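Dear colleague,

I am handing over the structure below, and I would be grateful if you could look through it with my notes beside you. The notes follow the coordinates and go from the overall dimensions to single residues.

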Amino acid sequence: MPNFFNEYECPRCDTTWEQEADSMCDDKCPNCNLAVQAHASEEIEEVEDEQA
Ligand SMILES: [Zn+2]
């Protein structure tokens, strides 16, 4: 289950993007296909739990 929100910034073409994953993992730039490490990562909290 994906519970991380990773942010990426390509050093080659300056494209930025985000992706949800189950860990802080590398991704490929959607523009130039360079492998990029996540520079920031946030844990996503489940919001199904609605307690009054
Ligand atoms: Zn790129």
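The chain has a radius of gyration of 13 Å, whereas a compact globule of 52 residues would have one near 10 Å. Please keep in mind throughout that this is a predicted model. Taken along the principal axes, the box that the C-alpha atoms fill is roughly 45 × 15 × 15 Å. Of the 52 residues of the chain, 6% count as buried. Among the contacts in the chain with a separation of 6 or more, 32% come from residues that are 24 or more positions apart.

As to confidence, the mean pLDDT of the chain is 90, and 92% of the residues reach 70 or more. Among the elements, strand β4 (residues 35–36) has the highest mean pLDDT, at 97, and strand β5 (residues 40–43) has the lowest, at 92. As a general caution, predicted coordinates should not be read in detail where pLDDT is low.

Turning to the secondary structure, the chain comes to zero helices and five strands, and the pattern read along the sequence is accordingly written as β-β-β-β-β. How are strands ordered in the open sheet of three strands? The order is β2-β1-β5, and the pairing is antiparallel. The edge strands of this sheet are β2 and β5, each of which pairs on one side only, and the twist from one strand to the next averages 20°.

The pairing can be followed residue by residue. Strand β1 (residues 4–9) is joined to strand β2 (residues 16–21) in the antiparallel sense over six bridges. Along this pair, F4 stands opposite A21 in β2, N6 stands opposite Q19 in β2, and Y8 has W17 in β2 as its bridge partner. The pairing of β1 with β5 is also antiparallel and runs over four bridges, and here E7 stands opposite A40 in β5.

Two residues deserve a check of their backbone angles. Most residues other than glycine have a negative phi. D14, however, has a positive phi near 65° although it is a residue other than glycine, and its place is in the loop between β1 and β2. That loop belongs to the hairpin of β1 and β2, which has six residues between the strands. D14 is exposed, because 9 other C-beta atoms lie within 10 Å and a residue with 12 or fewer is counted as exposed. The other case is N33, again a residue other than glycine, with a positive phi near 70°. N33 lies in the loop between β3 (27–28) and β4, and N33 is exposed, with 11 other C-beta atoms within 10 Å.

I also looked at two residues in and after strand β2. Is E20, which lies in strand β2, buried or exposed? E20 counts as exposed, because it has 12 C-beta neighbours inside 10 Å and the cut-off for exposure is 12 or fewer. Not counting residues up to four places away in sequence, E20 touches P2, F4, F5 and I44. Between E20 and E7, which are 13 residues apart in sequence, the distance in space is 8.9 Å from C-alpha to C-alpha.

S23 is found in the loop between β2 and β3, and with 10 C-beta neighbours inside 10 Å, S23 counts as exposed. The C-alpha atom of S23 is separated by 6.0 Å from that of F4, although the two residues are 19 residues apart along the chain. F4 therefore appears several times in these notes: F4 is opposite A21 in β2, and F4 is among the residues that E20 touches.

With best regards

Terms used. Residues are numbered from 1 along each chain as its sequence is written. This is a predicted model: local features need pLDDT of at least 70, side-chain atom pairs count only at pLDDT 80 or more; totals for chains, interfaces and linings use all residues. Two strands pair if DSSP finds at least two bridges between them. Helices (H or I, at least four residues) and strands (E, at least two) are DSSP runs, numbered from the N terminus. pLDDT is the predictor's confidence in each residue, from 0 to 100. Axes are lines fitted to C-alpha atoms, for helices over the stretch in contact, and angles run from 0 to 180 degrees between N-to-C directions. The radius of gyration is taken over C-alpha atoms; the globule rule is 2.2 Å times the number of residues to the power 0.38. A residue is buried if 20 or more other C-beta atoms lie within 10 Å of its own, exposed if 12 or fewer, and partly exposed in between; C-beta atoms are placed from the backbone. Two residues are in contact if their C-beta atoms, placed from the backbone, lie within 7 Å.
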